[in-house]
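Me: I would like to go through this model term by term, asking on what grounds each label is given.

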Amino acid sequence: MDNMEIDSLVVMYGKAVYGFCLRLAKNKDIADDLYQETFLKALELSRKIDKSNNPKGFLISIAVGLWKNNCRKYARRQRLAPEGELNEDSASGFVCDSSTPEEIVIFRERCAVIRNEADKLNDKLRIPLYMYYTAEMSVKDIASALRIPQGTVKSRLHKARKILKNVLEVY
Amino acid sequence: MEKYEQLEQLLSQALSSTDEPSEALNHKLKCRLIENKSIIKPVRKRIAVALIAVVVLIMSGSVFAFWRLLSPKQVAENLGDETLAKAFDSEDAIQINKSMTSGDFTFTLMGITSGKNLSDLTNSAQDIHPDRTYAVVSITRKDGSPMPEISDESYGQTTFIVSPLIKGQKPWQVNIFTMNGGYSECIVDGIIYRIIECDSIEMFADRGVYLYAGTGSFIDNQKVSYNEKTGEITINTNSKEAGVLFDLPLDVKKADHEKAEKYLKELLNPEELLNPAPQSTTNNEYFTDWDDEFADGIVIPESIKEVTYDENGFACYEYNGSKVKTDLNFLFKEGETGIWKIVCVNGDENEKTVIQFLKNESGVVTGRTVKKAK
């Protein structure tokens, strides 16, 4: 794989990978780091990237692996220098069908609640959740990337949805 | 409250991301990609050719194969790492040069060294664990034919994994991936030279440390066997992959039992660091929800049957169109028998079933499907 091909991967999947890293890390500096490390690792493993066989899933699985392997590093970084939370207002450009300003406000508040609660989930639930909704991967691709059965992915997504649904009910 | 579709829509919009990497970040990334690619690539034949020319003149045929190899220092030089080259040339480095053959390949453990700041190539993991171990392994074909060059299309068709393993620790839990490892590789005259690096293994010197080298990309129970009682790790004789296991001759004086225990605790429970105890407890409660929900579930008698195993050793179970395949090492804890463990949940809000596995004392695993009580 030459630099042109890596460039094209950055162009094609950079946004998806970056969005996922940002959601996972909850911190721009760590997300920037994770994003770069993901593509550097991909270069190292570039012979395994088969364009016809889901390179996005491959990149996201690398990001997940790096995230898990670097938990200690990120935990230490957070202990040493607590960094600001991601500014979700600037990070979101959501649109909804709601027509009144009040409904739009409520909708945005609900989105904020979901994001906050999703961030509190254990990585076992959080990672598949972000792979599904943020990286827009299928259950099959998530199962393949995480090397777990599809049933387990469905189960984890179901648990995560249930928790978030319960929170919204209280809200 | 939300209907399913509404919840889905809300989740999709709340969790989707409109963020993009900045141009500056992508520029920085591209520079690093170019830089790294140039580091990975160098193949300097001149040194090897000169070495072989001398060796042919003075060495007998039987030891020629061994002397064909570059030294660890030369390998590091070839990969552009002068600092590491000096480290391999120092008295602290251990020269091993031991070869083992498996399948179509011969693996030679050439040398190993450990310490702080031994490489020009910095790794973010060094922020946490500055002590690193570096080992050089060469890989050749048993029949003497050359390995493909990096530029060849066939390069990478056979993948290799080289990883330290610790006696007393499950190989699939403590290996190069979990020990913040990485590798650099070059090919000189048809021989693959790989330098692996990871957190220092010297602290484990009193326990026994192995180096696994073989084909494939991961460490799993298909490649190596782990004896729960003795902690011994051995090559799985039924493995279809080529693989060898070297005993590393580390200096026992450098062992640090306390440091090793602390390291293993962090490695095996990384979430404890990220999630404070109350958070973990909360999440554990979520994970036991299904056990609670199906505590009085109705077992479908005809669904009870022994699981089968696929070629990768995963336990397989199927009933009424619901299939599941899982790695039992992650399902059952050591010595855990006689307990039905939920493997997966199927169905929708109206009707759910779970598939459960149970391991008996003889190690036989049985699966069953359970309906939720109405």
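Reply: A residue is called buried if 20 or more other C-beta atoms lie within 10 Å of its own, exposed if 12 or fewer do, and partly exposed in between, the C-beta atoms being placed from the backbone. On that scale, 35% of the 374 residues of chain B count as buried, and of the 171 residues of chain A, 40% do. The model is a predicted one, in which local features need pLDDT of at least 70 and side-chain atom pairs count only at pLDDT 80 or more, while totals for chains, interfaces and linings use all residues. Residues are numbered from 1 along each chain as its sequence is written, and chains are lettered from A and ligands numbered from 1 in the order in which they are written.

Me: What makes L129(A) buried?

Reply: L129(A) has 23 other C-beta atoms within 10 Å, and because the term asks for 20 or more, it counts as buried. Its place is in helix α7 (residues 123–133) of chain A, where helices (H or I, at least four residues) and strands (E, at least two) are DSSP runs numbered from the N terminus. Leaving aside residues up to four places away in sequence, L129(A) touches A118(A), L121(A), L157(A), A160(A) and L15(B), a contact being a pair of residues whose C-beta atoms, placed from the backbone, lie within 7 Å. The C-alpha atoms of L129(A) and L157(A) are separated by 6.0 Å, although the two are 28 residues apart along the chain.

Me: Why is K26(A) called partly exposed, and what is N180(B), buried or exposed?

Reply: K26(A) has 17 C-beta neighbours inside 10 Å, a count between the two cut-offs, and is therefore partly exposed. N180(B) has 21 such neighbours, so it counts as buried. K26(A) sits in the loop between α1 (3–25) and α2 (28–44) of chain A, and N180(B) in the loop between β4 (160–166) and β5 of chain B. Neither is a glycine, yet K26(A) has a positive phi of about 60 degrees and N180(B) one of about 55 degrees.

Me: Why is helix α3 of chain A called oblique to helix α8?

Reply: Helix α3 (residues 55–69) and helix α8 (residues 139–146) of chain A pack at an angle of about 45 degrees, with their axes 9 Å apart. That makes α3(A) oblique to α8(A), because angles under 35 degrees count as roughly parallel, over 145 as roughly antiparallel, 65 to 115 as roughly perpendicular and the rest as oblique. The axes are lines fitted to C-alpha atoms, for helices over the stretch in contact, and angles run from 0 to 180 degrees between N-to-C directions. The contact is made by G57(A), I60(A), S61(A) and V64(A) of α3(A) and by D141(A), S144(A), A145(A) and L146(A) of α8(A).

Me: What makes β1 and β5 the edge strands of their sheet in chain B?

Reply: The open sheet has five strands in the order β1-β2-β3-β6-β5 (chain B), with antiparallel pairing, and two strands pair if DSSP finds at least two bridges between them. Strands β1 (94–102) and β5 (182–188) of chain B each pair on one side only. Between β5(B) and strand β6 (residues 191–199) of chain B there are seven bridges in the antiparallel sense, and since pairing needs at least two, the criterion is met. Within this pair, G182(B) has E197(B) of β6(B) as its bridge partner.

Me: How do you know that strand β17 of chain B is largely enclosed?

Reply: Six of the eight residues of strand β17 (residues 352–359) of chain B are buried, so the rest of the structure largely encloses this strand. Seven antiparallel bridges join β17(B) to strand β18 (residues 365–371) of chain B, with Q356(B) standing opposite R368(B). The two strands form a hairpin with five residues between them, and G363(B) in the turn has a positive phi of about 90 degrees.

Technical notes: Contact = placed C-beta atoms within 7 Å.
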